[in-house]
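Colleague: I'd like to learn how to read a model like this one. Could you walk me through it, feature by feature?

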Amino acid sequence: MAPQGDIPIAANVLGTIGTVFWCIQLIPQIWYNWKQKKTDGLPGLMMFLWAVSAVPFGVYAIVQKFNIPIQIQPQIFCLLALTSWAQILIYNNAWRVWTATLLAAGIGALFGGLQLLLVLTLRGPYSRGVEWPMTIVGVISAILLAGGLIPPYFELAKRSGRVVGINFVFLSIDWLGAFFSLMAL
């Protein structure tokens, strides 16, 4: 697939709406965690895998020149997922605030550098028509994102199917972000 050159206005509008939802989706969860001062039932592995998935997703969107909202969404998503992950380290694992914050910031910087390296490395071959590396990057992103959805099922099993610690406003906003972003493609 050749990079997108002319992006329709509808795609930009829908992509922007989806990005706004996805950019704010984790804010209700982060707020809920902070208010409750606990993250029981919210798997740290889920948030960490989501943060990791943002790296290849960002590479995929940037190299293929998707509309700008979809290009920046993975970075914001990664930031919020790492914030929630740090909260889990603090509230569930009794980490000190500064330790968890510095670790999350360091990992975020590492992810940013890795994403830059991958974009610079893969942009050339993709522009020359070599598509398989981008396909692999997209598949890796999808696997990591979907893999992040598996740990909550173990939390549900531990609690006999009862949902604990996952904010339903977050889930609703996540669904809306997915819907509008898919419509933009």
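**Reading the helices**

Modeller: Let's start with a single residue: Gln73 is buried, at a relative accessible area of 3%. Gln73 sits in helix H4. Keep in mind that this is a predicted model.

Colleague: Which residues is Gln73 in contact with, leaving aside its neighbours within four places in sequence?

Modeller: Thr19, Trp22 and Phe57 are in contact with Gln73 once those neighbours are set aside.

Colleague: Before I go on, what pLDDT does the protein average?

Modeller: The average is 91, and 97% of the residues score at least 70. Going element by element, helix H5 (residues 97-127) has the highest mean pLDDT, 97, while helix H1 (residues 9-24) has the lowest, 86.

Colleague: Next, helix length. Why does the distance between the end C-alpha atoms of H8 agree with its 17 residues?

Modeller: You take 1.5 Å a residue and compare that span with the distance between the ends. For H8, the 17 residues should span 24 Å, and the end C-alpha atoms are 25 Å apart, so the two agree.

Colleague: And which residues of H8 are buried?

Modeller: Phe170, Ile173, Gly177, Ser181 and Ala184 are the buried ones in H8. Look down the axis of H8 and these buried residues fall within an arc of 70 degrees, so they line one face of the helix. Now turn to the face away from that buried side: there you find the exposed residues Phe168, Trp175 and Leu182.

Colleague: What covers the buried residues of H8?

Modeller: The cover includes H1, helix H2 (27-36), H3 and H4. While you're at H8, check how it begins. Asn167 caps the N-terminal end of H8, with a side-chain oxygen 2.8 Å from the backbone nitrogen of Val169.

Colleague: Let me try H7 in the same spirit. Which residues of H7 are buried?

Modeller: In H7 they are Pro151, Pro152 and Glu155. They cover an arc of only 100 degrees around the axis, which puts them on the same side of H7. Tyr153, Phe154 and Ala157 are exposed, on the face of H7 turned away from the buried side. As for what covers the buried residues of H7, H3 and H6 are included.

Colleague: And H2, what are its buried residues?

Modeller: Pro28, Gln29, Ile30 and Asn33 are the buried residues of H2. Their cover includes H1, H4 and H8.

Colleague: Now the backbone. How do I read a phi angle in a loop?

Modeller: Look at the sign, and at whether the residue is a glycine. Lys65 is a case to look at: its phi is near 55 degrees, a positive value in a residue other than glycine. You'll find Lys65 in the loop between helix H3 (44-63) and helix H4 (68-91).

Colleague: How accessible is Lys65?

Modeller: Lys65 is partly exposed, with a relative accessible area of 45%.

Colleague: Which residue with a positive phi follows H7?

Modeller: That's Ser160, with a phi near 55 degrees. Ser160 lies in the loop between helix H7 (151-158) and helix H8 (168-184). With 74% relative accessibility, Ser160 counts as exposed. There's also Lys37, which takes a positive phi of about 55 degrees just after H2.

Colleague: How far apart are Val130 and Leu89, in sequence and in space?

Modeller: They are 41 residues apart in sequence and 41 Å apart in space, going C-alpha to C-alpha. Val130 belongs to the loop between H5 and helix H6 (132-147). Its relative accessible area is 31%, so Val130 is partly exposed.

Colleague: Last one, the cysteines. What is a disulfide, and how many are there here?

Modeller: A disulfide is a covalent bond between the sulfur atoms of two cysteines. For counting, the two sulfur atoms must lie within 2.5 Å, and by this rule the count comes to zero disulfides. Cys23 is in no disulfide, and its nearest cysteine sulfur, in Cys78, is 12 Å away.

Colleague: Why does Cys78 have no bond to Cys23?

Modeller: The sulfur of Cys78 is 12 Å from the closest cysteine sulfur, that of Cys23, which is too far for a bond.

Colleague: And is Cys23 buried or exposed? What about Cys78, buried or exposed?

Modeller: Cys23 counts as buried, at 13% relative accessibility. Cys78 counts as buried too, at 9%.

Definitions and conventions: Residues are numbered from 1 along each chain as its sequence is written. This is a predicted model: local features need pLDDT of at least 70, side-chain atom pairs count only at pLDDT 80 or more; totals for chains, interfaces and linings use all residues. Side-chain values use heavy atoms; hydrogens and water are left out. pLDDT is the predictor's confidence in each residue, from 0 to 100. Helices (H or I, at least four residues) and strands (E, at least two) are DSSP runs, numbered from the N terminus. Buried means under 20% relative accessible area, exposed over 50%, partly exposed in between (1.4 Å probe, protein chains only). The arc is that of the directions from the helix axis to the C-beta atoms. Contact means heavy atoms within 4.5 Å. The expected span of a helix is 1.5 Å times one less than its number of residues. A polar contact is a pair of N or O atoms within 3.5 Å; within protein, one must be able to donate a hydrogen and the other to accept it, and residues adjacent in sequence count only if both atoms are side-chain atoms.
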